[in-house]
Amino acid sequence: DQTLRSYHRLLYEKAYVNGQWVEASSGKTFDVFNPSTQEKIGCVPDMNAGDTERAIQCASEAFETWKETTAKERSNILRRWVDLCNENKEDLAKILTLEMGKPLQESVGELNYGIGFLEWFAEEARRVYGDIIPSPAKSKKMLVLKQPIGVTGMITPWNFPHAMITRKAGPAIAAGCTVVLKPAEDTPYSALALCELAEKAGLPPGVLNVVTCSRDNSAEVGKTLCKSPTIKQISFTGSTAVGKILLEQSASTVKRVSLENGGNAPFIVYESADIDKAVTGVMGSKFRNTGQACICANRIMVQDSIYETFLDALSKRMEQELHIGDGFNSKSTQGPLINARAVEKIDHLVQDAKSNGAKILLGGQRKEGNFYEPTLSVVYTAIDVNGTVRPTFKTEEEAIYLANNTSSGLAGYVFTENISQMWRIAEKLEFGIVGVNEGLPAMPEAIFGGWKESGLGREGGKYGLEDYLEIKYVCMGGL
Ligand code: ADP
């Protein structure tokens, strides 16, 4: 259709290595589908370990010159990349909705967020300061230098096909590193479009390489990145299970590993909360991206005394505001789930909750294709002193215990108007990101990353470059 056609000039069907659009050495490709219609969008190269090795080699050669560029030169290229992404935002958003399914307005939101990382790191590139340490010896000077860590390997997920790339490749390139990136098999097109714009912005060949592969080849490509002695850092966003595999595989070369794994976010609503604010928080945190974000509220916990009022308000807002449909339809707020496997997974969770006594108040049914109804279920998890299970908590401490009683630690949310409680809870939550009366905390200027099994390292903000820098102590003696 006419309105969609313009994005085609950014829809590339080849991988991007050393500044070239390339096929897999095997000649194999795999199909990519629109999750809304389940129609095939096209196909991209299904690369393997050998193709990945070649990309690593190119990134390694490119590093030799890229590391010698000045911060200002890198910053200028990133800045031009930002401008080109902004000029092409509409088409990039269409590609995003096409391959991922999220409503077009949300795709624009993701682009603003994602381009924001390129802009932020274009600026931060020029602020990588070293240190001079006051020396205890008169004849010695002590310096700390920061230098790019080298070739980096990246594996990104399908839920934010644009922003997860800019959040990693942005700081890596700003720091002077080169990149071999494997995008998620469901969403390769946003990654490839970014390569085209990077090239136009003047990024030299080999600095950013995108190796596409099917789910079948993901493990082999991932392993090649992790085991390669040339790659000095691995950066991953995705499931905790895969994150752990990559961490193990990176042990043999003692690589630096940055992981952004699953979340299991608690969302605590205390009786002191403003209920409207809390419901708005849930609507943003839980239903954005059809619930497919690693910082999504997973466990909404409400204090006894306001439980009925809260549930009532939330049900009403869900019924009024959530509309399932194709992301290109401007009325849709809830796109499809990414694929049939995701639908199976969600349906299994709902059935499992039901069989454990949960009450389904809204939704809980599959719709056609990859769509699933927004679901509100009441789960009985808190246990009274006398042994009865409740869907609510009674005391401040009980909520903290339940919230922290998980091996994950990415984001946590607390809603309260009581200032002392805000401080207490914000400090006690064992999570890398805490939203206080806020359901949408992520911004390029902020930091993003988890405690416990949710991850290693931080992305974004002034700390976001550190994963891509080595520090070196230089001692100048005999002075
Ligand atoms: P999800 O279950 O949400 O799809 P995954 O962790 O499986 O999350 O996917 C995130 C990224 O990890 C994707 O790019 C995917 O292709 C990749 N991936 C999946 N399995 C492996 C693996 N064994 N090794 C390396 N990468 C993998």
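How many bridges join β12 to β13, and do these strands run parallel or antiparallel? Five bridges join them, and the two strands run parallel. This is a predicted model. The report starts from that strand pair and moves outward.

**The four-stranded sheet**

β12 and β13 belong to an open sheet of four strands. The order is β13-β12-β18-β19, with parallel pairing. In general, strands of a sheet pair through backbone hydrogen bonds, either parallel or antiparallel. Here β13 (297-302) and β19 (433-436) are the edge strands, each pairing on one side only. From one strand to the next, the twist averages 15 degrees.

Two of the pairings can be set side by side.

| Strand pair | Bridges | Direction | One bridge |
|---|---|---|---|
| β12 and β13 | five | parallel | Phe-267 with Ile-300 in β13 |
| β18 and β19 | four | parallel | Gly-412 with Val-434 in β19 |

An edge strand need not be open to the outside, and β13 shows this: five of its six residues are buried, so β13 is largely enclosed by the rest of the structure. A helix also covers part of the sheet. Helix α10 (residues 275-287) lies across β12 (265-269), β13 and β18. The angle between α10 and β18 is about 160 degrees.

**The ligand shell**

The ligand is surrounded by 13 residues. The closest are Ala-219, Gly-222, Gly-238, Ser-239 and Val-242. Which helix gives the largest share of this shell? That is α8, with three residues. Helices α8 and α9 (240-249) each supply at least two residues of the shell. By class, the shell holds six nonpolar, five polar and two charged residues.

**Helix α8 against helix α2**

Helix α8 (residues 215-227) also packs with helix α2 (residues 49-66). Their axes come within 9 Å and cross at roughly 35 degrees. The crossing is right-handed. On the α2 side, the contact uses Ala-49, Thr-52 and Glu-53. On the α8 side, Glu-220, Val-221, Thr-224 and Leu-225 take part. These contact residues divide into three nonpolar, two polar and two charged.

**Two residues that touch α2**

Ser-25 and Thr-178 both have contacts in the 49-66 stretch, but their settings differ: Ser-25 counts as exposed, whereas Thr-178 counts as buried.

Ser-25 sits in the loop between β2 (20-22) and β3 (29-33). Why is Ser-25 classed as exposed? Ser-25 has 12 C-beta neighbours inside 10 Å, so it falls in the exposed class, for which the cut-off is 12 or fewer. Beyond residues up to four places away in sequence, Ser-25 touches Gly-50 and Asp-51. Ser-25 and Asp-51 are 26 residues apart along the chain, yet 6.5 Å separates their C-alpha atoms.

Thr-178 lies in strand β8 (residues 178-182). Thr-178 has 29 C-beta neighbours inside 10 Å and is therefore buried; the cut-off for that class is 20 or more. Leaving aside residues within four places in sequence, Thr-178 is in contact with Ala-59, Ala-62, Phe-63 and Trp-66, among others. The contacts of Thr-178 also include Val-151, Gly-206 and Val-207. Pro-148 is 30 residues from Thr-178 in sequence, and their C-alpha atoms are 9.1 Å apart.

Conventions
Residues numbered from 1 in each chain as written. Predicted model: local features only at pLDDT ≥ 70, side-chain atom pairs only at ≥ 80, totals over all residues. Axes fitted to C-alpha atoms, helices over the stretch in contact; angles between N-to-C directions. Left-handed = near helix turned anticlockwise from the far one by under 90°. Contact = placed C-beta atoms within 7 Å. Nonpolar A, V, L, I, M, F, W, Y, C, P; charged D, E, K, R; others polar. Near = placed C-beta within 6 Å. Pairing = 2+ DSSP bridges.
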